[in-house]
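Open the model in your viewer and keep the selection box handy. We'll go stop by stop, picking residues and looking at what surrounds them.

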Amino acid sequence: MKFGFIMFPTQDAIPPGDLGVLLENRGFESVFMPDHTHIPAITPERYDVMNLAPEFKKGMDAFVALGAIAQATTTLQIGTAVLLVTERDPIITAKEVASVTCCPAAG
């Protein structure tokens, strides 16, 4: 049986590369990071987002986190748990995906 892991990376959490090594050393097959690049000032329901969960205010870019994991590990499969493609700039997204997939881990 294969097990994967999902984590919303924030500035307060374990660094993504360290997380990748930890998971790989413990036999996990994969890790996924959600993408949440846009936080509205007011939701469609008109509620103020001042009480928004801290991880949404301090979240890392999914591709930056995945790139750090890719550089630190050799067997861990990586991916986005959710990718808000329509909310992203297509050129920036293409460059970020290419940056994660182009460079295998050293060693």
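## Start at helix 1

Select helix 1 and look at what its buried residues pack against: strand 1 (4-6), strand 2 and helix 3 (62-72). Keep in mind that this is a predicted model. To see which residues do the packing, colour P16, G17, L19, G20, L23 and E24, the buried residues of helix 1 (residues 16-25). They sit on the same side of the helix, because they cover an arc of only 160° around its axis. Step just past the end of helix 1 and you reach G27, which has a positive phi of about 85°.

## Zoom out for a moment

Show the whole chain as a cartoon. You should be able to pick out four helices and three strands, and if you trace them from the N terminus the order is β-α-β-α-α-β-α. The chain has 107 residues, and 28% of them are buried. If you display contacts with a separation of 6 or more, 77% of them come from residues 24 or more positions apart. Switch to a surface view and you are looking at about 7,000 Å² of exposed area, 60% of it supplied by carbon and sulfur atoms.

## The aromatic pair

Now select F5 and F28. How are these two rings arranged? They form an edge-to-face pair, 6.0 Å centre to centre with 85° between the planes. The count of aromatic pairs comes to one. F5 is in strand 1 and F28 is in the loop between helix 1 and strand 2, so the pair ties together parts that are 23 residues apart in sequence. Neither ring is listed as buried: F5 counts as partly exposed because its relative accessibility is 30%, and F28 counts as partly exposed at 25%.

## Into the core

Next, show side chains for M7, L19, L23, V31, M33, A62, F63, A65, L66, I69, L76 and V100. These 12 residues are the largest nonpolar core. Helix 1, strand 2 and helix 3 each put in at least two residues, and helix 3 gives the most, with five.

Stay on helix 3 and colour its buried residues: A62, F63, A65, L66, G67, I69 and A70. At the start of this helix, look for D61, where a side-chain oxygen comes to within 2.9 Å of the backbone nitrogen of F63. Then click on A62. Setting aside residues up to four places away in sequence, A62 touches M33, P34, D35 and T80.

## Follow the charged side chains

One of those A62 partners, D35, is the next selection. You'll find D35 in the loop between strand 2 (30-34) and helix 2 (54-57). Is D35 buried or exposed? With a relative accessible area of 3%, D35 is buried. Beyond neighbours within four places in sequence, D35 is in contact with A62, V82, L83, L84 and R88.

Draw a distance from the D35 side chain to the side chain of R88: there is a polar contact at 3.0 Å. R88 itself is in the loop between strand 3 (77-82) and helix 4. R88 counts as buried too, at 11% relative accessibility. From R88, carry on to E96, where a 2.9 Å polar contact joins the two side chains. Show everything around R88 and, leaving out neighbours within four places in sequence, the contacts are D35, T37, D61, F63, L83, T93 and E96.

## Last stops, on the outside

Select K95 in helix 4 (residues 90-102). K95 counts as exposed, with 55% relative accessibility. Put a C-alpha to C-alpha distance between K95 and F63: they are 9.9 Å apart in space and 32 residues apart in sequence.

Finish at T75, in the loop between helix 3 and strand 3. T75 is exposed, with a relative accessible area of 58%. Which residues does T75 touch, not counting those up to four places away in sequence? The answer is E24 and E29. For a last distance, pick the C-alpha atoms of T75 and S30, which are 8.6 Å apart in space and 45 residues apart in sequence.

Terms used:
Residues are numbered from 1 along each chain as its sequence is written. This is a predicted model: local features need pLDDT of at least 70, side-chain atom pairs count only at pLDDT 80 or more; totals for chains, interfaces and linings use all residues. Side-chain values use heavy atoms; hydrogens and water are left out. Buried means under 20% relative accessible area, exposed over 50%, partly exposed in between (1.4 Å probe, protein chains only). A polar contact is a pair of N or O atoms within 3.5 Å; within protein, one must be able to donate a hydrogen and the other to accept it, and residues adjacent in sequence count only if both atoms are side-chain atoms. Contact means heavy atoms within 4.5 Å. Accessible areas come from the Shrake-Rupley method with a 1.4 Å probe; for residues, only the protein chains shown count as cover. The arc is that of the directions from the helix axis to the C-beta atoms. Rings of Phe, Tyr and Trp (its six-membered ring) pair if their centres lie within 6.5 Å; planes under 30 degrees apart count as stacked, over 60 as edge-to-face and the rest as tilted. A nonpolar core is a set of buried Ala, Val, Leu, Ile, Met, Phe, Trp, Tyr and Cys residues joined through side-chain atoms within 4.5 Å.
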